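Ready for a few short exercises? Have the sequence and the model open beside you, try each task first, and then compare your steps with the solution.

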Amino acid sequence: MRIIEANDYKDMSRKAANIISAQVIMKPDSVLGLATGSTPIGLYEQLVEWYKKGDLDFSKISTVNLDEYKGLDRENDQSYYYFMHDHLFNHVNIRPECTNVPNGMEPDAEKECRRYEALIDSLGGADLQLLGLGHNGHIGFNEPAPVFEKMTHCVDLTESTIEANKRFFASADEVPKQAYTMGIGTIMKAKKILVVVSGEDKAEIVAKAFSGDVTPEVPASILQMHQDVTVVADKAALSKLSLS
């Protein structure tokens, strides 16, 4: 595991964007696994800026997103489909048919999870998977659990995750209670993994996830077992992690 320390959020975003842009340049037909949430927004802004300058070409890129709320349609401004188009897809020359997000409106969970897992396999898996890190150690919507979930699955969101997402909705009642998410096994099949983390409020979970025991109670701890993981985090997020 490689830890890259950034000075602040802006520096973290730029350093992480550098890694993704290098992937795009070195392998123009890469499959990028993408994440949502507040942490990657600066990274996406940087990629869009470089694209507009003519430094990046997304015309052969394919993407697979980590997750999507179950029950939110694509036009809902809190859906991850909407988020990705708003922050990245609408601003670069990626082909719409090559962007993939789980279908939150598919009521048959087993059917949608099977379809999405097969889609990822058909693309050969992600060349680079981007991840954020939840306060409870979740990656994607893989919440703390007795076992690591292997494949794409439908998850009941924990109270802490619902609480964290409440600020994005008009009321707590509107926050979806379930989501489709890549499983831990799906994520671990990615050739490279890039984790972005920012803020002092993440310092404790960073230390647990990247220097503590590997346990499904801290889902991100499994990343210690992957052969090619880069963590880009600001000083505040790394403040409790021993880098020696």
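**Exercise 1. Find out whether glutamate 106 is buried or exposed, and which lysine it forms a salt bridge with.**

Solution. This is a predicted model, so we work from its computed values.
- Step 1: glutamate 106 has a relative accessibility of 15%, and therefore counts as buried.
- Step 2: its salt-bridge partner is lysine 111, with the closest N and O atoms 3.8 Å apart. The cut-off for a salt bridge is 4 Å.
- Step 3: lysine 111 is partly exposed, at a relative accessible area of 46%.

**Exercise 2. Work out which parts of the chain the salt bridge between glutamate 204 and lysine 240 ties together.**

Solution.
- Step 1: the side chains of glutamate 204 and lysine 240 meet at 3.9 Å, N to O.
- Step 2: glutamate 204 lies in helix α7, whereas lysine 240 is in the segment after β10 (229-234), so the pair joins parts that are 36 residues apart in sequence.
- Step 3: lysine 240 counts as exposed, with 52% relative accessibility.

**Exercise 3. Explain how lysine 15 and aspartate 11 are placed in helix α1.**

Solution.
- Step 1: these two form a salt bridge, and their closest N and O atoms are 2.9 Å apart.
- Step 2: they sit four residues apart in helix α1 (residues 9-26), which means about one helical turn separates them.
- Step 3: an α-helix has 3.6 residues a turn, so residues three or four places apart point the same way.
- Step 4: lysine 15 is partly exposed at 29% relative accessibility, while aspartate 11 is buried at 17%.

For the wider picture, the structure has 11 salt bridges by this rule, and a network of them links Lys27, Asp127 and Lys191.

**Exercise 4. Lysine 202 has no salt bridge; find the nearest side chain of opposite charge and the residues in contact with this lysine.**

Solution.
- Step 1: lysine 202 lies in the loop between β9 (192-197) and α7 (203-211).
- Step 2: lysine 202 is buried, and the nearest side chain of opposite charge, aspartate 201, is 5.6 Å away. A salt bridge needs the N and O atoms within 4 Å.
- Step 3: leaving aside neighbours within four places in sequence, its contacts are Thr39, Leu133, Gly134, His135, Val197 and Ala237.

**Exercise 5. Decide why cysteine 113 and cysteine 154 do not form a disulfide.**

Solution.
- Step 1: the sulfur of cysteine 113 has its closest cysteine sulfur in cysteine 154, 6.1 Å away, which is too far for a bond. The cut-off is 2.5 Å.
- Step 2: cysteine 113 is buried at 7% relative accessibility, and cysteine 154 is partly exposed at 26%.
- Step 3: searching the whole structure gives zero disulfides.

**Exercise 6. Place tyrosine 69 and tyrosine 80 in their strand and helix, and describe their aromatic pair.**

Solution.
- Step 1: the structure holds five aromatic pairs. In one of them, tyrosine 69 and tyrosine 80 are tilted, at 4.9 Å centre to centre and 35 degrees between the planes.
- Step 2: tyrosine 69 belongs to strand β4 (residues 67-69) and tyrosine 80 to helix α3 (residues 80-87), so the pair ties together parts 11 residues apart in sequence.
- Step 3: tyrosine 69 is buried at 2% relative accessible area, and tyrosine 80 is buried at 12%.
- Step 4: Tyr69, Tyr80, Phe141 and Phe169 form one aromatic cluster.
- Step 5: the buried residues of α3 are Tyr80, Phe83, Met84 and His85, and their cover includes β2 (31-34), α2 (41-52), β3 (62-65) and β4.

Methods
Residues numbered from 1 in each chain as written. Predicted model: local features only at pLDDT ≥ 70, side-chain atom pairs only at ≥ 80, totals over all residues. Heavy atoms only, no water. Helix = DSSP H or I, 4+ residues; strand = E, 2+ residues; numbered from the N terminus. Buried < 20%, exposed > 50% of the residue type's maximum accessible area, 1.4 Å probe, protein only. Lys, Arg positive; Asp, Glu negative; His and termini not counted. Contact = heavy atoms within 4.5 Å. Phe/Tyr/Trp six-rings, centres within 6.5 Å; stacked < 30°, edge-to-face > 60°.
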